[in-house]
Amino acid sequence: MVPEQTPGGGRFPAPVRFVALGDSLTEGLGDPVPGGGWRGWAALLAGTLGERPGGVELVNLARSGALAAELAERQLPAARALGPRFASLVVGANDTLRAAFAIERVADALDRAHGALSADGAVVLTACLPDPGRMLGLPPPLARPLARRMRAVNTVVHAVSARHQGVHLHLAEHPWVAERASWSVDRLHPSERGHRLLARGFHAALAAAGLPVGPAPALTLDGPPPTRAGSVRWMATRGTRWVADRCTDLLPGLLGLALQECRHGLAGSGRLLDAAADRAAQAALAALADPDGGGARQAAATAKGAATMAG
């Protein structure tokens, strides 16, 4: 820790900080606190970090709706200025829900953010995310293009974490992800139980990496679990507006992707779309590895074309 100057001229240790970057998942949606606002997995995890309980200060910069590029451009400078010991980069689901999705932009943003925070000496946490189409229960022609996009994002997140030696959580592979009780009424954000399980997953990953942690976050809930009636109320009120907002941006393009999906399904050539998405992700990663930039631009152009084909 770097000493800071006190008003009287003395010195005291600078606080050990955990800075959380990302979107609504990290902001804490689905885990409300009395009086309004959200808590979330980052706050639950922060209380277990360090060599003594409460010894790590959480600064949550995550913002609902954030894309990977916004994280790198807006949240990253603020995070670096805080000099965190721990930082989390959990983002990408919103990118898959945008008509202008481009895996090379996601890869570039995540690599810049992870590289900068790692170079500053922070322990960086990342996670693979579950498929939003599956969580929302969309019909297969709509769900498959979103699943393909999420798979590409997860491929990039995993590779970037390995590239910068971060602490990576295979969240999409955890059994609790498939359990309805782990998700809030909107089916996109974890419930309190889900946030607690997510915090425990990161806690276990940090402990496995040999980093100092206290007891794991408890699984005892502070509030009631989500109910079917709550899901209906959400869809009838806030959910309708959420769907309308997403439809304005995503639906025209998604319908085109669904039509393409149906054509390939009838022709038995759906594997071509999968292969194109895989090539796009690999090209985006190859572009990051080129120190000169020339080859990176060519690889990024290739990735853009493949991503357009794959959705």
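Two strands pair if DSSP finds at least two bridges between them. The exercises below apply this criterion, and others, to a predicted model.

**Exercise 1. Establish how strand β3 is paired with β4 and β5, and place these strands in their sheet.**

Step 1. β3 and β4 are joined over five bridges in the parallel sense, and V19 has V59 as its bridge partner in β4.

Step 2. Five bridges also connect β3 with β5, again running parallel, and here A20 is partnered by S88 of β5. Because at least two bridges are needed for a pair, the five bridges to β4 and the five to β5 both satisfy the criterion.

Step 3. The open sheet that contains these strands has five of them, in the order β4-β3-β5-β6-β7, with parallel pairing. Its edges are formed by β4 (56-60) and β7 (167-169), each of which pairs on one side only, and the twist from one strand to the next averages 20°.

Step 4. At the β7 edge, three bridges link β7 in parallel to β6 (residues 123-127), and one bridge partnership there is that of A127 with L169 in β7.

**Exercise 2. Determine which helix packs on the sheet through β3 and β5, and how far β3 itself is covered.**

Step 1. The helix that touches β3 (16-22) and β5 (86-90) is α3, residues 68-81, and its direction makes about 170° with that of β3.

Step 2. Turning to burial, six of the seven residues of β3 are buried, so that the strand is mostly covered.

Step 3. F18 belongs to this strand and is buried, with a relative accessible area of 0%.

**Exercise 3. Classify the ring pair formed by F18 and W41, and say which parts of the chain it ties together.**

Step 1. A search of the whole structure returns three aromatic pairs. For F18 and W41, the ring centres are 6.3 Å apart and the planes stand at 50°.

Step 2. Planes under 30 degrees apart would count as stacked and those over 60 as edge-to-face, so the pair at 50° is tilted.

Step 3. Since F18 lies in strand β3 and W41 in helix α2 (residues 41-46), the pair ties together parts that are 23 residues apart in sequence. W41 is buried, its relative accessible area being 0%.

Step 4. Ring pairs extend this arrangement into a cluster that links F18, W41 and F202.

**Exercise 4. Decide whether S191 is buried or exposed, and find what its side chain reaches.**

Step 1. S191 is located in the loop between β7 and α8 (192-208).

Step 2. Its relative accessible area is 4%, and S191 is therefore buried, the cut-off being under 20%.

Step 3. The side chain of S191 reaches the backbone oxygen of A181 at a distance of 2.7 Å.

**Exercise 5. Work out how far I103 and A277 are separated in sequence and in space, and set this beside the contacts of the chain.**

Step 1. I103 is a residue of helix α5 (residues 103-119), and with a relative accessibility of 1% it counts as buried.

Step 2. From I103 to A277 there are 174 residues in sequence, whereas their C-alpha atoms are 9.0 Å apart in space.

Step 3. Across the protein chain, 72% of the contacts with a separation of 6 or more are between residues 24 or more positions apart.

Step 4. The chain has 311 residues, of which 47% are buried, and its secondary structure comes to eleven helices and seven strands.

Terms used:
Residues numbered from 1 in each chain as written. Predicted model: local features only at pLDDT ≥ 70, side-chain atom pairs only at ≥ 80, totals over all residues. Heavy atoms only, no water. Helix = DSSP H or I, 4+ residues; strand = E, 2+ residues; numbered from the N terminus. Axes fitted to C-alpha atoms, helices over the stretch in contact; angles between N-to-C directions. Contact = heavy atoms within 4.5 Å. Buried < 20%, exposed > 50% of the residue type's maximum accessible area, 1.4 Å probe, protein only. Polar contact = N/O pair within 3.5 Å; in protein donor to acceptor, adjacent residues only side chain to side chain. Phe/Tyr/Trp six-rings, centres within 6.5 Å; stacked < 30°, edge-to-face > 60°.
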